[in-house]
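Subject: Structure handover and what was found in it

Dear colleague,

I am passing on the structure that we talked about, and I would be glad if you could open it beside this message while you read. The notes below go through it part by part.

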Amino acid sequence: MNDLAKGQAEAEQTASMAFEFCFGPFRLLTAERILREGDRPVRLGSRALDILIALVTRAGELVSKRELVAIVWPETSVVEANLTVHVAALRRALGDGQAGNRYIVNVPGRGYRFVAPVSVTTQSGPLVAESASVRELHNLPAQLTRLIGRDGVVQTLCERLAARRLLTIVGPGGVGKTAVALDIAEQLIGKVKDGVWLVDLAPVTDPELVPTALAASLKLEIRSDNPLPSLVGALSDKQMLLVFDNCEHVIDQAAALAVGIIKAARNVHVLATSREPLHVDGEQVYRLLPLDCPPNRAALTASEALSFPAVQLFVERAAAASNEFDVTDADARGIAEICRKLDGLPLAIEFAAARVDTFGVRGLASRLDDRLSVLGAGPRGQLRHQTISATLDWSFHLLTPGEQAAFRRLSIFVGGFTIESACAVLGGAGGGEDITENIATLVMKSLVVAGISDGDARFRFLATTRAYALERLREAGEMDVLARRHAEFFKEFLETAQSGPTGSPSAAVAAKPEIDNIRAALVWAFGQNGDRDIAIALAAASAPIWLNISLLTECYAWTGKAIAQLDDADRGGHREMVLQTEFGMSLMHALGVSEPARAALMRGGELAAQLGDVGCQLRAISGLTNLCLRLEDFRGALTLAEQAENVVSGSSSPVALATAEFLFSGSLVYVGEYGRAMTYAQQAFARIQALPQQAAVVRSGLDHGIQARCVVANILWVQGLVDQAARMTRQILIDAEAGGHALSLCFALAWCGCAFPLRFGNIPEAESAVALLGDWAMRHDLPSYKACSLAYQGALLAKCGDFADAEEKLRAGLAGLSETQFEVQFTPFLTGHADVLARLGRREEGLVLAEKAISRCRRNDAQWWLPEAMRIKGEILLMGEQPDTASAEEQFGRSLEVSQTQGARFWELRGALSLSELRHRQGASGDAQKILDASYGKLTEGFATADLMRARSLLDQWAGA
C-alpha cells in the first residue's frame, strides 16, 4: 500500500472510531463529526471537517496536499485551489493566530501541518448534536470568522432589542454592521420560540421584491401582487427575531415592511442594518463606531497595541494569511498606524492584513500612506466612505491582471457562486484552473468570502465589495457580455437539473441557493438590453422552481411575460407547453378557480399530447382535475382521471403511473366507489414509497404520497376501520409537517387531521389539528384553507355545545369557501351549519340548509357525504315543538340504504343509531336493538370512539330493560 492510500485508510478508520481530540478551547469528536469550542458547536461543512480530522489525527506530521485532496474528494478530480479555500476558511473558524494560538501551518508547495498540542481520548459515550428543532429554527450562515472587539456592543444591543422591538444598526460600509447583527442573532438561537431569521436584502434589485425576500427566508408562499398584508398576518402570533440586513438601497420598502410587522405582530422583533436609519416611529438607532485604535505615540509595545480591538483584528487576519507573522514591539507602532489610517474600519483592516505577507508591516504602512494621503480633510462619515473606496482601490491595483479580471467579473453573480458557475460564466473553455486559483487568491486577500457547506465551497462578495467590483465591471465595458453569459449559464443549469433521472435530487433543491442569480438573469433577459429567446427559455426552465419553493406570484409573472412575447415560431413547441402549464398551475394555486388558469392548463395539456410529453400532460390534467374537484364536478374529475390513465398506458415511470392512480383514487372516493378507490390509492402509494426519494413526486408543494395516504385513511374510516385510519392520519401529519410543504400539510389536515378527531369525539386532538391548520393557512396565505379552518373551528365549538359561536364561525367559513370556490369542502360544513341552526331553535332555517346539502350531493354525485346529509336532515326533522317523525324515519332509512350499498360502515352505524333511537322512542325496543346490533356487529375496531361507545351503551341498556 502506497503512502497516499495508507494515509487515506488511516483517516477513514479514525473518523469511524469514537475519539475525542482536544486542542486549545476545542474538542473534536470524530464519530459524531462535531467540533465544539467549549459548549458551543462550531458549524462546519463536511469537507472542512474531513480536512480537520485528517490533520488532527496526524498532528505534527506534514500531510501533503495530494493526500488531503484524496481524503476529502475521493473519486473526484479537483484542483488544489479548492483545498486552499477550505483550509483558509477552517483556519478562520479556529481563530488561527488569535491570542497567539496557532493550529494549521502551510508548508509552501508541499502541504499542511497541525502544530497545536493535541490530547486524545476514547469517547466514553456519544455526545448529542445540535437538535434538529434548533437547526430548523434559523437560517443563519455559519460564521467562519470571529467578531473582535464588539462584545460590549453585542451585549448592549441584545438588551436594547429585548426592550424595544425595532432596532437599526447604522454605520458606513465596512464598519461591521452585518457581523454584529449576525452575532446578536446567533446568541438568540434556541431562545426565541419561532426562530431567528436572516433576510439578506443585498441581492434585491427591485424594491418591490422586499416582501418576497422575507417570504423566501421564512418559507412562506407569495400568492398575490400585494403580499404585505398576508405576510404580516402570518407573523401576527409568532415570537421571532427578523434580521433585515443591507436595507439602504431599498430603505422605503424595508421600513414599510418593518413597521407593518411591528404593529401587527406583538412578539416579533426586527433588527435592521443600514447606512441610514429607517426613519419610522418606534425605531431605536444605534450608530456603530469603528474599532478602537491605539493613540499616536512614539513608544508602543506589542502588548499595549494588542489591547485595542483594531490591532487584534489585524493580527488575527494577518496570522491567517501568513505562517510566520507574529507581533513584535518593533511592529506594534506600524500596525497601530495602519489601523488609524484605515479609520478602524474592520473591512479595510482585513484587506490590508491580507497583504502583510507580501509587504511586511512597514512596507504595508508606507503603501497605504501613499494611497490614503489624497483623501485630505472632510466630514468624518464621508472620509470613512472614502477610506473603504481607497482601500478597495489599493487592493484591486495590487492584483495581477488575471486576478483583477476575475474580481470584477465575479460581481455579475448575485447572492453567491460556486467554482463551477464561476468557471462557466467567466472562463468558457480552458480557463477553469486559472479562475479557481484566482478565486482562492481573492479569498486569501479578503476580497471574496468563502462559505463552507456540506457540499463544496460557495463564495460571495460583501455588499460594499460587490458594489466596487460592479463599478469596475462597468468601466471595463464587460457588463452586457457577462450578463448574457450569466443568463445562458443559469438557463442551461436549470434545464440540466430538470432532466435528471427519477429519484435524483429535485431541480428545486439544486436551484434553491441560486434563486437570486436566477431572478437576476430573468431581469436582464426581459430588460432593455436583454435577449427575448433567452428570456423565454429561462422563464420556462425556472417556472417549476418558483412553484416548488411556493413563490407563486413570481411564477405566473415570469411565465405570463414569456407567453406575451411568444411569436408564431415559438408557439406549439416545448417551451410554450411548459409556460402555459406552469402559468395555469401557479394561477390556480394562487388565485383559485379562474378562466385564465383553466385555459392555460387546457392549452398546456393539448401541446403536451401533441408533443408526446407524458409528464407535462399529466401535470396539466392534474391541474384541471384539481379545478373540477374544487367545483364538486366529480364526474368531470373522473373523466380526466380516465384520460390520465390512458396517457400513462404502457409507461414504465413510477411517478407517471402513481400520478394517474392518485387522480383516479381521489375522484372515486367522492362518488362513493371505495373499493376501486382503495386499490388505486394503495398502488399509487406503493410506487411512491419504492422511489429513492419522494421529492420527485412533489408538485408545487403537493406531495402525491401524502395525498394518496389521505385517500386510504378516508376509505379506512368510512369502512369502519377507524383505529387504522387514526394511526395512519397521525403518521401522515408527522410526515407532512416534516416535509414542510404547506399545501400538502393543509390538505392532510383538512381531509384527515381535523375531520377524524371530530368524528371520533377526540376533542383535544381535534383542537390541536384545527389550530395547526389555521396557523399554516395564515402563515402561507392559503385563502381556501383559511376558510376551512374557520369552518372547523365552528364544528369544534358545536361539539363542545357552544352553538352561538359555532354558528358564527361556520357562517364565516362557508362564506370563505364560497368566495374561494372551494366547493369540495362546502357541503359537509353546510350540513353542520344546518344542525347548529336547528339546535339554536332556528329549525326551519336548518331544514332549508339540510335540503340544500342533499340536493348538492345528488346534483354533483357526491355519494361520499349523502348518507350523513340525509341523517342530519332526519335529526333536524325531530327537533322543535312539532317533530316530523315519519319524514325523519324516511331520511334515516335512506341513509342506511345508501351506506350499506357503499359498504360505508361508519355512516351505517350513525344511521343505525339515529333510526334505532327513534324506534325505541316509538316503543319498538326489539326492533331498535336489532337495527343497531346489525350495524354494530359489522365493526371490528374503534370501540373507544364516541359513536361506538354510545352504541354499546344503548345495546346494553336495551338488553337489560
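A salt bridge here is a side-chain nitrogen of Lys or Arg within 4 Å of a carboxyl oxygen of Asp or Glu. By that definition the structure, which is a predicted model, holds 49 salt bridges. In general terms, side chains of opposite charge can pair when their charged atoms come close.

Salt bridges

A good place to begin is Arg 856, which forms a salt bridge with Glu 632, with the closest N and O atoms 2.7 Å apart. Arg 856 lies in helix H40 (residues 843–859), while Glu 632 sits in the loop between helix H28 (614–630) and helix H29 (634–647), so this pair ties together parts of the chain that are 224 residues apart in sequence. Are these two partners buried or exposed? Because buried means under 20% relative accessible area, Arg 856 at 9% is buried, and Glu 632 at 1% is buried as well.

Arg 856 also meets the side chain of Glu 823 in a salt bridge, at 2.9 Å from N to O. This pair links distant parts of the chain, since Glu 823 is found in the loop between helix H38 (803–819) and helix H39 (826–839), 33 residues apart from Arg 856. Glu 823, with a relative accessibility of 14%, counts as buried.

Elsewhere, salt bridges that share partners join Glu 868, Arg 871, Glu 875, Arg 910 and Asp 947 into one network. Another salt bridge brings together the side chains of Glu 316 and Arg 317, at 2.9 Å from N to O; here Glu 316 counts as buried at 3% relative accessibility, and Arg 317 counts as buried at 5%.

An open sheet and its helices

In what order do the five strands of the open sheet lie? They follow the order E10-E11-E12-E9-E13, and their pairing is parallel. Strand E10 (196–200) and strand E13 (284–287) are the edge strands, each of them pairing on one side only. On average, and with direction ignored, neighbouring strands of this sheet are turned by 20 degrees against each other.

Within the sheet, strand E11 (residues 240–245) and strand E12 (residues 268–274) pair in the parallel sense over five bridges, and Leu 241 stands opposite His 269 in E12. Helix H6 (residues 151–163) packs on the sheet, where it touches strand E9 (166–170), E11, E12 and E13, and its direction makes about 175 degrees with that of E13. Helix H7 (residues 177–187) also packs on the sheet, touching E9, E10, E11 and E12, and its direction makes about 160 degrees with that of E12.

Ala 179 has its place in helix H7 and counts as partly exposed, at 35% relative accessibility. Although Ala 179 and Arg 150 are 29 residues apart in sequence, their C-alpha atoms are 9.5 Å apart in space.

Helix H20

Lastly, helix H20 (residues 463–475) has 13 residues and reaches 19 Å from its first C-alpha to its last, which is close to the 18 Å expected at 1.5 Å a residue. Its buried residues are Thr 464, Thr 465, Tyr 468, Ala 469, Leu 470, Arg 472 and Leu 473. It may help to recall that an α-helix has 3.6 residues a turn, so residues three or four places apart point the same way. Just after H20, Gly 477 takes a positive phi of about 70 degrees.

With kind regards

Technical notes. Residues numbered from 1 in each chain as written. Predicted model: local features only at pLDDT ≥ 70, side-chain atom pairs only at ≥ 80, totals over all residues. Heavy atoms only, no water. Helix = DSSP H or I, 4+ residues; strand = E, 2+ residues; numbered from the N terminus. Expected span 1.5 Å × (residues − 1). Buried < 20%, exposed > 50% of the residue type's maximum accessible area, 1.4 Å probe, protein only. Pairing = 2+ DSSP bridges. Axes fitted to C-alpha atoms, helices over the stretch in contact; angles between N-to-C directions. Contact = heavy atoms within 4.5 Å.
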